[in-house]
Amino acid sequence: MENVYDFGLVGLGVMGRNFILNVADNGFTAMGNDLDTEKVKALIDEGGDTDRVNAVVAVSAFAKALSSPRKIMLLVPAGKVVDIVIDSLLPHLDKGDIIIDGGNSFFTDTDRREAYLAEKGIHFFGAGVSGGAKGARKGPSIMPGGSKAGYAAVQPIFEAVSAKYNGEPCVAYLGPKSAGNYVKMVHNGIEYGLMQLTSEMYDILKKAGKFSNEELHTTFKTWNDGRLQSFLVEITSKIVARKDTLTEGDLIDQILDKAKQKGTGKWTSQNAMDLGIPVPSIDIAVSMREISALKEERIQADHVYDRPEVATIAKDKLSTLTEEALYFSFIVTYAQGLHQLSDASKEYGYGLNIAEIAKIWRAGCIIRARLLADITEAFQENPSLTNLLLSPSFIEKIKGTVASARALVAFGATNGIPLPGLSNSLTYFDAYTSSRLPLNLIQGQRDFFGSHTYERLDREGIFHTEWEE
């Protein structure tokens with residue numbers, strides 16, 4: 001193969017094919033590789049001009065066609081497949097070549113791979129790619145971290161293919177080691193939380209307001225024109241309006257209420273517990289997907305237990321309450337995820353710039369939202385901000401919406417409508433803003449049964465009491 005290509009990509013599924021075409025559209029030549037001959041053919045057919053974009057099955061021919069240093073991105077399933085692909089590439093690479101993992105790999109795997117490849121003189125970095133198939137084609141948000149020298153060689157390509165916000169590329173080098181994969185993991189955790197919250201507002205609008213799907217479409221569309229402007233609210237307005245091709249009704253009413261997951265939300269939740277960072281809005285979103293999987297048991301339980309008759313709320317009033325509650329809980333969910341990033345940065349030595357992360361999330365990614373422009377400004381004004389809830393600009397936003405969150409949580413509890421994402425967001429807020437919590441009793445209990453000691457308010461030191469004297 002005579003042509004020398006600027007960029008190589010292994011894994012020509014929908015994401016990979018779209019990403020490599022995006023690279024070619026932005027003036028770079030690109031070579032794809034996949035073991036599936038049909039996927040190779042599909043890319044060549046769609047790419048058209050093989051001088052611009054091409055693909056092969058053989059790894060040796062793929063590596064030989066790339067310019068030096070080779071820049072190879074992997075868009076393959078996380079786990080063992082990544083290691084298998086890396087090992088298949090190594091015999092064909094030279095020192096100074098670059099491998100990029102663009103999948104949702106667990107961050108400790110990225111640390112292991114970077115160390116392994118550094119010993120062989122190969123640059124490696126993980127780069128989270130968010131935006132789905134459409135984003136990969138038209139401009140995703142990209143979160144690279146790892147070999148800084150490796151990223152510098154790829155930077156012009158990534159900046160060209162990424163989404164743009166006011167002309168600024170939604171990509172930035174985030175830090176050493178697994179910084180990029182870690183940030184993408186927490187991005188996905190926040191995504192779980194926002195999706196759960198949006199579904200709860202959909203639920204209460206239907207049950208307490210008797211909103212038709214057309215009214216839901218109008219409501220979410222109106223919200224997306226305001227401060228709740230976001231990708232998830234935008235697509236919700238479209239989903240509820242979609243007609244079913246198999247029945248005479250709407251598609252949303254025929255979709256089974258069992259939500260699946262690929263693990264990144266769970267990883268966020270698990271790692272937050274390891275770090276001692278509270279992210280209850282994300283935790284419950286993961287748990288709700290697990291509860292949703294128990295469909296048969298839920299049907300059985302629904303027949304066994306009585307449920308309150310749901311009271312109705314005037315549509316105008318309910319629309320206002322839900323908009324304000326969703327805005328409140330979106331802020332709280334972002335606050336939790338960014339708090340986790342801040343603490344993880346210290347624990348793992350990432351040196352993350354939270355304002356820069358919020359900045360590259362403003363376009364292209366699944367959690368893009370108008371709020372992120374305000375979040376960027378908050379952390380630019382105070383880079384050492386420990387929690388978004390302490391930002392002066394967000395204090396006013398919370399004060400103006402928390403009452404609606406309280407009203408809906410109370411209504412949901414009284415009327416048997418589960419609002420776990422909103423409830424957890426409100427409980428987190430109330431706990432975080434309480435200068436005195438009842439955990440003094442827990443410390444007393446721990447000391448009583450296990451002699452675990454306690455501290456006091458009125459003096460320094462560690463204390464223990466013989467409680468049964």
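**Exercise 1.** Is Phe 106 buried, partly exposed or exposed?

*Solution.* Before starting, note that this is a predicted model, where local features need pLDDT of at least 70, side-chain atom pairs count only at pLDDT 80 or more, and totals for chains, interfaces and linings use all residues. Residues are numbered from 1 along each chain as its sequence is written, and side-chain values use heavy atoms, leaving out hydrogens and water.

Step 1: recall the classes: buried is under 20% relative accessible area, exposed is over 50%, and partly exposed is in between (1.4 Å probe, protein chains only).
Step 2: Phe 106 has 24% relative accessibility, so it counts as partly exposed.

**Exercise 2.** Locate Phe 106 and find which residues it touches.

*Solution.* Step 1: Phe 106 sits in the loop between β5 (98-101) and α5 (107-118); helices (H or I, at least four residues) and strands (E, at least two) are DSSP runs, numbered from the N terminus.
Step 2: leaving aside residues up to four places away in sequence, Phe 106 touches Met 185 and Trp 267, a contact being heavy atoms within 4.5 Å.
Step 3: Met 185 is 79 residues from Phe 106 in sequence, with 7.8 Å between their C-alpha atoms.

**Exercise 3.** Describe the surroundings of strand β7 (residues 141-146).

*Solution.* Step 1: six of the six residues of β7 are buried, so the strand is largely enclosed by the rest of the structure.
Step 2: in a regular strand, side chains alternate between the two faces of the sheet. Here Ser 141, Met 143 and Gly 145 point one way, and Ile 142, Pro 144 and Gly 146 the other.
Step 3: β6 (residues 123-130) runs antiparallel to β7, joined by six bridges; strands pair if DSSP finds at least two bridges between them. Phe 125 has Gly 146 as its bridge partner in β7.
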